[in-house]
Amino acid sequence: MTTSADTAWDPSKPILEIDHLSISFFTRLREIPAVMDFSCKVMAGEAMGLVGESGCGKSTVALAVMRDLGKNGRIVGGTIKFKGRDLTHMGEEELRHIRGSEIAMIYQEPMASLNPAMKIGAQLAEVPMIHQGMSRADAWALARQIVADVRLPDPDRIINAYPHQLSGGQQQRIVIAMALMSKPALLILDEPTTALDVTVEAGIVDLVKDLGKKYGTSMLFISHNLGLVMDVCNRICVMYSGEAVETGAVTEVFEEMRHPYTQALFRSIPLPGADKNARPLISIPGNFPLPHERPKGCNFGPRCDYFQSGRCDAGEIPMFPVPNSDRHETRCAKWQEIDWLAEPAKRAVKQKAPIGKVVLKMEDLKKYYSVSSGAFGGGLKKVVKANETLSFEAREGETLAIVGESGCGKSTFAKVLMGLETATSGSILLFDENVQSTPIQQRNTDTVSSVQMVFQNPFDTLNPSMTVGRQIIRALEIFKHGSSDEDRNRRMLELLDLVKLPRAFADRMPRQLSGGQKQRVGIARAFAGGAKVVVADEPVSALDVSVQAAVTDLLMDIQRENRTTLLFISHDLSIVRYLSDRVMVMYLGHVVEMGTTDQVFQPPYHPYTEALLSAVPIADTKVIRKRIVLEGDIPSAMNPPPGCPFQTRCRWKSQVPGGLCDREMPPVQVLEGGHNIKCHLSTEILQTMEPVIKMAAE
Amino acid sequence: MEDLLSWGQILGRMGSQFLPVWVALVVTYSLSITFKRRLGLYGKLFDSVVGMIGFGIVMFWVFTALLANMVITHDPLAQLSGLKNAVPGTLVPNPGDGIYPYYLLGGDHLARDVFSRMVMGARSVLSIAPAATAFAFMVGVTLGLPAGYFGGKFDTVLSFIANLVLAFPVILLFYLLVTPEIRVTGIPVYLAAVLFIFPILFFSILFNARYFTNPPRRNLYVGIVLVIGFWAYSGLAFNMDPLGVWSMEPNLLNVFVSVVFVNSPTVFRIVRGIVMDLKARDYVAAGQTRGEGPWYIMLWEILPNARGPLIVDFCLRIGYTTILLGTLGFFGLGVSPDSPDWGSTIDDGRKLLNLVPHPAVVPALALMSLVLGLNLLADGLREESLKD
Amino acid sequence: MLMFVVRRLGLMILTALALTFIVFFLTNLRPNLEKLARTEGSVRMSEEAVDQWIIQNGHGGSVFVRYGEWMGLMPGWVLTDEKGTVRGRCITATNTPETAPRYCGVLQGDWGFSTFFKKPVLDSLGEKLAATGWLMLAVMLVMVPASLLIGVLSGMREGSRTDRALSTFSIASTATPEYVSGVILVALLASPVVGLSPLLASWGWIEGKTLFLGTATSAIDDITFWNFTLPVMTIALYGIGYIARMTRASMTEVMTAQYIRTARLKGVSFGAVVVKHALRNALIAPFTVIMLQFPWLLNGVVIVETLFNYKGFGWTLVQAAGNNDINLLLGCSVVAVFVVLVTQLISDVGYVFLNPRIRLS
């Protein structure tokens with residue numbers, strides 16, 4: 001095994017061949033198997049997607065390929081062959097020659113992946129200087145060229161910049177450039193876009209695809225997002241609890257899945273056509289097994305609809321090849337008996353809740369902050385216009401979705417509504433009471449308890465040093481519920497029932513709960529005082545796909561029963577389409593479009609909504625999506641562009657005569673059926689817009 | 001009987017003098033290790049070798065301080081003729097009945113037993129250092145919480161004052177604050193009046209924030225705090241306890257107040273930093289959106305989650321306070337002339353250090369081992385609390 | 001950036017004024033003045049005579065006015081005593097009430113007269129500071145490289161045997177204040193009866209009775225390895241542990257950062273990862289710590305100069321405080337405050353300079 005093997009390598013053989021790989025982490029107490037019996041092959045020019053929920057071992061596989069498992073991780077079995085050479089037994093020095101030159105990796109957090117104290121150029125140039133022994137000047141020239149290749153503007157400025165001077169999207173492009181510096185044969189991407197906004201993500205995904213083609217690089221693409229994998233990859237490997245459960249060509253796996261987990265996964269994500277009442281999502285029952293509590297036999301067994309005891313839990317289940325397919329394999333003992341086309345049995349159709357009177361009305365709400373510029377305090381005060389002329393109403397029993405990316409002002413809006421901040425101007429009418437300038441301390445208990453919030457991050461929403469029961473009881477105490485401790489205790493247990501958690505959880509500490517369970521406690525706490533209006537700030541975005549459906553459904557059920565008004569803040573248009581009655585799209589503090597869900601998801605669109613819709617990956621092979629990739633990043637709210645806030649990235653700008661977009665804030669156009677669009681485009685042009693998403697003719 | 005014990009004999013005899021301490025240590029360890037899974041962070045300490053060693057050293061000195069009367073061999077103030085600067089293991093000439101026949105670690109320049117003074121020194125150090133640190137924490141926490149939580153002018157002013165105190169070289173401050181002259185002016189009493197009010201403030205707010213929804217219980221808890229608090233306060237700060245239970249000598253008060261004063265700004269800064277980090281958490285926002293008052297959020301939502309770093313710092317700070325007390329003793333500030341505390345014994349011993357090192361080296365090693373134990377304990381706690 | 005410097009300087013001046021005022025207030029308390037009156041005048045002065053003396057020497061009146069006079073922000077006091085002679089703060093043997101300047105305070109370079117040294121404060125402080133300067137320099141030369149090296153070596157592979165050994169050393173050294181390490185070092189290396197010296201002397205390896213000198217008095221005139229090592233090591237030891245621990249913490253944090261993994265996975269060798277990628281980021285925090293060590297180094301200096309009888313700044317401070325020499329103590333405080341504030345400024349500027357994230361925003 002010498003480096004001359006590079007040249008001798010036959011391109012028809014796999015670039016990467018992982019064979020029966022097992023990886024364990026060793027702690028003081030026990031050995032924790034992270035990956036068991038994992039096999040996969042990546043051919044030249046192929047993009048392999050590795051999909052699964054958090055904790056399934058997909059990142060561990062990537063790190064094992066890089067042989068960077070840390071102190072506690074060890075490969076306990078199997079081989080990883082790269083171009084025919086076994087990586088598992090390679091020495092440090094040999095590995096070093098492969099890392100960065102033949103296999104490169106791109107990570108989730110672009111900011112953290114770049115050295116804050118080194119110039120971009122130096123970080124890029126380092127790669128060819130180490131691997132090809134290139135001179136400094138040549139390496140910098142190459143760096144400049146690659147920076148231009150990843151479509152960054154003004155490469156000369158960028159290579160002399162420090163990472164913190166770039167935006168998140170630009171940083172990720174730099175990380176990609178760094179990976180491409182020595183034209184590697186294999187690129188590993190570990191959730192490369194998870195930390196980015198959807199419209200920025202779309203640009204990165206396009207770039208990765210193009211560069212893959214241009215350089216002929218093979219890819220191992222790790223993601224939890226099935227839609228994204230469909231966009232980027234031609235092959236897929238679905239992982240569950242440390243094992244590959246199904247692998248094959250993307251179209252085959254998506255259309256003719258042969259493993260119950262893959263099927264359940266697809267049934268739990270909101271695809272176009274799902275509807276909260278007629279075709280609700282089906283969540284996967286139960287929880288992901290902890291690594292040291294995995295069941296015997298099939299790991300998915302306890303959560304599987306087709307489980308047959310004595311067979312599924314008898315012993316190790318191998319991968320079965322599916323005949324007449326392109327290397328399609330499944331780890332299911334019963335795959336030949338299951339009727340894969342049958343409709344799910346337990347889809348419960350639900351009644352649509354009637355929508356009642358207006359409970360919340362905002363008019364011309366404005367919220368400005370003044371912040372000091374510069375890191376040292378003092379200096380000039382700047383005004384951040386977080387919310388600009390916000391007007392809408394929400395009715396009893398209705399779900400109003402507020403959609404937007406980072407910096408759009410949706411969180412500020414929530415704070416003002418909750419009373420954590422007071423409005424700069426405009427009015428908020430809550431149950432016929434003006435609350436825009438009443439901070440929360442001055443609101444009466446009824447008002448406070450009837451407007452509550454569900455937070456985004458499940459790991460942050462509960463106080464880590466208080467029991468679950470105590471946290472709910474505290475909410476009851478504050479809302480003056482019940483006359484005695486026994487009363488409140490009883491009510492707390494009822495609330496746990498309401499969110500479908502066992503009563504025994506009352507005495508648990510939050511760290512003993514899974515993410516979805518914590519989020520349920522957060523919901524129970526929000527409904528402790530019989531909330532009438534609930535603001536849900538991305539309540540499921542941090543949860544795994546299979547858990548998302550369950551939490552969303554729970555929220556919907558409670559809403560139906562209590563006729564709650566739900567303000568659902570999200571950036572995920574799939575889930576918004578699934579559950580909301582009306583949608584409000586925000587960009588840089590402005591409401592750019594508002595209407596019923598059907599109105600917003602059908603043309604005419606606001607140009608931003610159009611781009612947003614196109615950017616969201618959809619895991620459905622039958623959906624045809626128009627690609628609209630926005631240029632650049634979201635401008636900072638501190639320094640918004642003049643005129644229309646969206647003009648810097650708008651592809652329709654040329655259709656507006658006289659440079660109006662640069663100068664004037666567009667008016668709100670009211671279209672048919674109360675559909676609002678804040679845009680200069682004439683009604684005629686708006687009418688010519690085509691739908692972004694079409695179902696392919698079957 | 002021989003005139004001089006060998007080092008082996010000295011160590012053996014010292015070991016048997018410490019017998020009550022060994023017994024206490026064995027009991028503590030066997031109980032703790034048996035129940036370590038049920039004891040939270042304290043129990044986890046016994047998973048870490050470093051932590052166990054540190055805890056062992058600290059508890060050794062704690063038990064020595066508590067059981068000092070059983071451990072000492074002589075009255076720490078008694079001067080036996082002929083034993084001036086006696087080397088370790090010297091036989092006491094003509095010991096009377098019940099008088100221990102040896103000066104195990106020799107005699108000092110006034111012919112007192114170095115061993116017994118070292119043991120009593122532990123008592124004098126450990127009766128001040130933890131208490132002073134606790135007071136400094138009360139002050140630092142009570143001020144640091146609102147400074148970090150609200151920010152603004154309040155924070156600016158307090159941070160300025162904290163930095164002011166921290167910019168002072170500690171020794172200069174001690175030379176200015178711990179003098180007989182300053183005791184005449186009553187400044188230590190005023191300082192005490194300000195600093196000692198903080199624990200009362202802290203606990204009253206603590207219980208009020210938690211139980212204001214249930215007035216009878218709130219009144220009970222806050223009432224207990226106020227009664228006990230002001231009773232102790234009147235005695236400690238003004239020496240006017242009507243029952244005479246709480247009192248503090250003027251020069252002890254002076255030392256105590258100065259040490260609290262020097263330590264609290266650092267605690268303030270630590271607490272402020274942690275609060276600024278934790279206040280962005282969603283559970284804080286959840287508290288705010290259900291209309292909790294700021295003090296509930298600070299004391300019940302934020303503070304419990306800051307306990308890890310605070311406990312670690314508490315251990316380190318007791319060590320630092322021990323060093324400060326030693327410094328004070330070393331410069332002869334605020335201590336009575338024949339106090340057995342380690343700092344002043346080192347100071348006494350250093351004059352003849354070249355020729356008779358043991359009177360200075362013994363307390364020096366004692367002080368070092370205590371501080372080392374506290375540092376190791378803090379290290380173990382930090383390691384274990386991060387593993388959670 | 002300019003605003004930042006101006007604000008920083010403003011804050012510094014405010015801090016300096018506040019600190020000097022506190023010192024002035026605490027040194028000029030009534031009991032201190034009475035004590036001064038009795039030492040300068042006579043021990044058996046009556047209460048009235050003491051009052052009289054205090055007023056006659058310009059120590060009466062509001063403390064703010066006296067502070068202003070001392071600082072040189074207000075005109076010095078002028079009084080006519082019962083004998084009719086005009087006395088004043090600025091009136092000395094060399095000038096008359098007419099020719100005397102109106103202002104004569106710290107800002108004008110008049111730091112008063114030291115009753116202990118029997119000469120002007122500024123003169124006596126100058127030479128003492130020079131002596132301490134050498135001590136500090138030697139301490140820095142030993143402490144900074146040693147501690148950074150220890151910190152980086154132990155932080156670069158967390159949990160390794162090197163790390164454990166060096167960390168234990170650091171902890172032990174932070175647990176040993178100067179008055180402890182000084183005593184132990186002297187007993188071990190500079191005592192003719194115990195420790196190493198008797199052994200070495202009996203083997204005939206050293207000429208004198210002890211290996212090192214137990215005092216540094218002679219170092220005032222002539223610094224040698226034998227008289228300076230112990231004081232320098234005593235101060236440095238305590239600091240080494242502290243800075244090394246800071247460096248280690250910073251280094252371990254940096255070594256687990258994502259960008260270090262990036263560097264490693266692009267094929268950079270371990271040595272280059274440490275030197276090129278980790279070191280600069282890891283040294284930002286310890287730099288501040290080292291600079292902020294100065295006020296605390298002053299403590300070490302006071303203890304060590306007392307312990308080793310080295311007549312420098314720290315020794316002067318102790319003498320000034322012990323002998324109620326108010327002007328000298330004030331002078332020492334001004335110097336200490338100045339040193340502290342300047343190092344804080346350097347630390348701020350250096351932090352900004354080292355950290356591009358702040359420098360370029």
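Contact here means heavy atoms within 4.5 Å. The structure is a predicted model, in which local features need pLDDT of at least 70 and side-chain atom pairs count only at pLDDT 80 or more, whereas totals for chains, interfaces and linings use all residues. Residues are numbered from 1 along each chain as its sequence is written, chains are lettered from A and ligands numbered from 1 in the order in which they are written, and side-chain values use heavy atoms, with hydrogens and water left out.

**Exercise 1. Describe the interface of chain B and chain C, beginning with its residues and its buried area.**

Step 1. Chain B brings 41 residues to the contact and chain C brings 49 residues.

Step 2. Buried area is the accessible area (1.4 Å probe) that two parts lose on being put together, summed over both; between chain B and chain C this is about 3800 Å², with 79% given by carbon and sulfur atoms. Leu176(B), Glu181(B) and Asn354(B) supply 14% of the area that chain B buries against chain C, more than any other three residues.

Step 3. For a salt bridge, a side-chain nitrogen of Lys or Arg must be within 4 Å of a carboxyl oxygen of Asp or Glu, and the count between chain B and chain C is two. Asp379(B) forms a salt bridge with Arg245(C), with the closest N and O atoms 2.8 Å apart.

Step 4. Helices (H or I, at least four residues) and strands (E, at least two) are DSSP runs, numbered from the N terminus. Among the elements that give two or more residues to the side of chain B that touches chain C are helix H7 (152-167) and helix H18 (358-386) of chain B, and H18(B) provides the largest share, 12 residues.

Step 5. That side of chain B divides into 31 nonpolar, six polar and four charged residues, where Ala, Val, Leu, Ile, Met, Phe, Trp, Tyr, Cys and Pro count as nonpolar, Asp, Glu, Lys and Arg as charged, and the others, Gly among them, as polar.

**Exercise 2. Describe the interface of chain A and chain B in the same manner.**

Step 1. The contact takes 27 residues from chain A and 25 residues from chain B, and the buried area is about 2100 Å², of which carbon and sulfur atoms give 48%.

Step 2. Three salt bridges are found across this interface; in one of them Arg474(A) pairs with Glu292(B), the closest N and O atoms being 2.8 Å apart.

Step 3. Strand E18 (451-454) and helix H15 (468-478) of chain A are the elements that give two or more residues to the side of chain A that touches chain B, and H15(A) gives the most, with five residues. By class, this side of chain A has 13 nonpolar, six polar and eight charged residues.

**Exercise 3. Examine a salt bridge within chain A and the parts that it ties together.**

Step 1. Over all chains the count comes to 59 salt bridges, and in one of these the side chains of Arg625(A) and Asp231(A) meet at 2.7 Å, N to O.

Step 2. Arg625(A) lies in strand E23 (residues 623-625) of chain A and Asp231(A) in helix H10 (residues 226-232) of chain A, so the pair ties together parts that are 394 residues apart in sequence.

**Exercise 4. Find the backbone features at Pro604(A) and His20(A).**

Step 1. Pro603(A) and Pro604(A) are joined by a cis peptide bond, with omega about 0 degrees; Pro604(A) sits in the loop between helix H20 (597-601) and helix H21 (607-615) of chain A.

Step 2. His20(A), although not a glycine, has a positive phi of about 45 degrees, and its place is in strand E1 (residues 16-26) of chain A.
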